[in-house]
Amino acid sequence: MSKFTHAVLAASIAFTAGVSPAAAGNMIVQDGVQSADLTPAQSVYTVELKEMSGGSNLNAANVQVLTDKVTFRASGMLVCEKITGIRPNAPLGADIGFGAFNPTFGDAGVVHKAEFDIGVKYYNNSQNEWVNDPAAVQNWEVPLNSLKNAGKPDYEFDALKIFNAEMQKFIDNGGTKLDFLKQDRVIEVERFLSIYTGCRKLNGQLEVTKLGYGTDVEPITMKIKYKGNPNLLEPAIVAVTPGGNNQVNAGYQPLKITYAAITPYAPSYVGKCPANLKFRVQIKGQGKGHVKFRVHGKSDESWLTENLTQIYESGPRIFNAPEGGTDTNFFYEVPFSGQDVLNKTINHQFRLAITWKDEKADTYETHYQTFATKDWKRRCTPQVSVGIGGQPGGVSFDNGQGGQGGNNAGGLTIQAQPVAPSLKKVAPSAAQRGEEKPARAAPARMETAPAERAPTRAAPARQTEPAPMLQIAPRAAEPAPARSTR
């Protein structure tokens with residue numbers, strides 16, 4: 001992975017979890033933690049989908065998810081700093097999560113989590129020796145439905161939602177629903193496993209004096225394997241002959257638009273501006289051909305404008321009434337109009353105009369015709385810069401929340417865009433840290449199936465950030481040593 005990709009990944013994780021890009025990365029540790037390391041023992045996980053109708057009627061197509069659970073396999077290793085002059089720097093427990101933990105914001109970017117038995121290495125001052133408990137590979141079984149969380153779209157995994165989104169892209173690029181559902185397909189998306197753990201520094205009374213946390217975020221591939229139905233056919237076009245005593249004839253019908261609607265995915269929007277928001281356009285009628293549409297809009301800031309501003313113009317879209325007409329999306333960028341409109345509700349009005357071309361015609365209709373309007377509200381909120389631990393600069397985040405393996409012969413593989421990222425690990429030398437460091441023990445690893453073997457890991461990087469004011473009770477405290485008499 002290039003340095004540029006690492007940087008983009010870091011920024012994406014940081015934005016979703018509410019932390020600054022400078023604080024995000026593959027591994028993040030605080031004082032007291034030398035390293036927190038997660039090693040996926042398997043890097044690719046497969047979920048199966050199938051068209052279940054078994055017939056030839058496209059309108060009766062029924063795509064279902066066949067996989068009900070996923071078993072993730074990974075090992076982890078925590079190394080605590082060597083602390084002198086006080087009681088041992090003992091390890092805390094650990095959690096594993098589907099998503100991206102962060103030591104400051106915890107599980108803000110995690111969809112599902114569970115306890116995780118991590119390997120540990122720490123220095124026991126009372127016995128004057130290092131304690132080393134090697135890592136072992138563990139299986140984490142998760143119901144597939146537990147990985148859905150619409151509130152965390154960059155980290156959730158909803159196989160059917162991803163499949164339908166890929167089908168819509170295929171249709172938007174000139175394909176058809178029939179072609180998409182007939183053929184076997186493989187869709188791959190990048191998601192993340194991560195750990196959250198830490199070390200506690202103890203005083204002479206076995207009381208916790210300071211906590212340090214560490215996380216490690218590692219990418220995995222979620223593969224959606226779809227089994228198509230090659231028997232699917234377009235349903236016959238049936239027309240009722242006027243005045244024919246219910247006589248039914250199949251044949252050509254001229255293209256006619258009878259219904260259209262524009263619908264925002266967020267009924268209203270409250271959050272940072274500018275923002276790129278998605279709207280849905282539905283067009284129905286009879287016949288076949290192509291349609292194009294335009295969206296015009298105005299707001300409280302421009303109600304006196306006679307001619308609404310055009311905010312979107314589509315390219316040609318295939319229209320087939322028996323397949324449901326046209327259902328597509330467009331994006332509207334909410335502008336930032338200045339500080340004077342922050343926290344003010346702005347009313348918008350959108351108009352949807354359509355032109356079309358029948359399957360037997362050579363040109364589109366001369367004029368766009370308005371078919372639908374939609375009123376919509378939005379409110380831009382300020383972005384707040386918060387200093388962590390009283391330090392200048394601090395962590396910047398947005399306080400506004402928006403309204404929203406096997407054989408594949410003959411199939412088609414679609415590689416979806418990765419969602420979020422991991423920084424390259426660069427470990428500082430012990431001399432730079434001003435103390436002598438013991439050699440780190442290599443974690444034990446289990447061999448995976450030859451087809452899906454975990455990649456070789458690079459040396460972990462260490463980033464340091466101040467510990468948050470969190471108090472977590474230790475899972476096990478080390479007993480105090482007997483005091484010597486002098």
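Which residue forms a salt bridge with lysine 69, and how far apart are the closest N and O atoms? The partner is glutamate 141, and the closest N and O atoms are 3.5 Å apart. Lysine 69 belongs to strand 5 (residues 69-80) and glutamate 141 to strand 11 (residues 138-143), so this contact ties together parts that are 72 residues apart in sequence. Lysine 69 itself is partly exposed, because its relative accessibility is 42%. These statements, like those that follow, refer to a predicted model.

## Overall composition

The protein contains four helices and 28 strands. Of its 486 residues, 45% are buried. The accessible surface amounts to about 24,500 Å², and carbon and sulfur atoms account for 50% of that area.

## Salt bridges

The count of salt bridges comes to nine. Among them are the pair described above and two further pairs, one within a helix and one between strands.

The pair within a helix consists of lysine 169 and glutamate 166, whose side chains meet at 3.5 Å, N to O. Both residues lie in helix 2 (residues 159-172), where they are three residues apart, about one turn of the helix. Their surroundings can be described by accessibility. Lysine 169 counts as partly exposed, because its relative accessibility is 47%. Glutamate 166 has a relative accessible area of 8% and is therefore buried, the limit for that class being under 20%.

The pair between strands consists of lysine 223 and glutamate 188, with the closest N and O atoms 4.0 Å apart. This pair links distant parts of the chain, as lysine 223 is in strand 13 (residues 208-227) and glutamate 188 is in strand 12 (residues 185-202), 35 residues apart. Both lysine 223 and glutamate 188 are buried.

| Salt bridge | N to O distance |
|---|---|
| Lysine 69 and glutamate 141 | 3.5 Å |
| Lysine 169 and glutamate 166 | 3.5 Å |
| Lysine 223 and glutamate 188 | 4.0 Å |

## Disulfides

A disulfide is a covalent bond between the sulfur atoms of two cysteines. The protein has two disulfides, and they follow the pattern 1-2, 3-4 when the bonded cysteines are counted along the chain.

One disulfide joins cysteine 80 to cysteine 199, with an S to S distance of 2.0 Å. The link is left-handed, with -90° about the S-S bond. Cysteine 80 lies in strand 5 and cysteine 199 in strand 12, so the bond ties together parts that are 119 residues apart in sequence. Cysteine 80 is buried, with a relative accessible area of 1%, and cysteine 199 is buried with a relative accessible area of 1%. Strand 5 also holds lysine 69 of the salt bridge to glutamate 141, and strand 12 also holds glutamate 188 of the salt bridge to lysine 223.

The other disulfide joins cysteine 273 to cysteine 380, with an S to S distance of 2.0 Å. The torsion about its S-S bond is about -85°, so this disulfide is left-handed. Cysteine 273 is placed in the loop between strand 17 and strand 18, whereas cysteine 380 is in strand 24 (residues 369-380), so the bond ties together parts that are 107 residues apart in sequence. Cysteine 273 is buried at a relative accessible area of 8%, and cysteine 380 is buried at 1% relative accessibility.

## Backbone features

Most residues other than glycine have a negative phi, and most peptide bonds are trans. Two sites in the model depart from these patterns.

A cis peptide bond, with omega about 5°, joins cysteine 273 and proline 274. Proline 274 is in the loop between strand 17 (268-271) and strand 18 (275-286). Cysteine 273 thus takes part both in this cis bond and in the disulfide to cysteine 380.

Asparagine 343 has a positive phi, near 65°, although the residue is not glycine. The loop that holds asparagine 343 runs between strand 22 (326-334) and strand 23 (345-358). With a relative accessible area of 43%, asparagine 343 is partly exposed.

## Largest cavity

The largest cavity encloses about 30 Å³ of space. Its lining is formed by Gln168, Ile171, Asp172, Arg317, Ile318, Thr326, Asp327 and Thr328. Helix 2, strand 21 (317-320) and strand 22 each contribute at least two residues to this lining. By class, the lining comprises two nonpolar, three polar and three charged residues. Helix 2 also contains the salt bridge partners lysine 169 and glutamate 166.

Conventions
Residues are numbered from 1 along each chain as its sequence is written. This is a predicted model: local features need pLDDT of at least 70, side-chain atom pairs count only at pLDDT 80 or more; totals for chains, interfaces and linings use all residues. Side-chain values use heavy atoms; hydrogens and water are left out. Buried means under 20% relative accessible area, exposed over 50%, partly exposed in between (1.4 Å probe, protein chains only). Accessible areas come from the Shrake-Rupley method with a 1.4 Å probe; for residues, only the protein chains shown count as cover. A disulfide is a pair of cysteine sulfur atoms within 2.5 Å. On a 1 Å grid over the protein atoms alone, a cavity is a set of points where a 1.4 Å probe fits but cannot get out, and a pocket is an open set with protein on both sides within 12 Å along at least five of seven lines; lining residues have an atom within 4 Å of a point. Grid points are joined across faces, edges and corners, and a volume is the space filled by probe spheres set on the points. Ala, Val, Leu, Ile, Met, Phe, Trp, Tyr, Cys and Pro count as nonpolar, Asp, Glu, Lys and Arg as charged, and the others, Gly among them, as polar.
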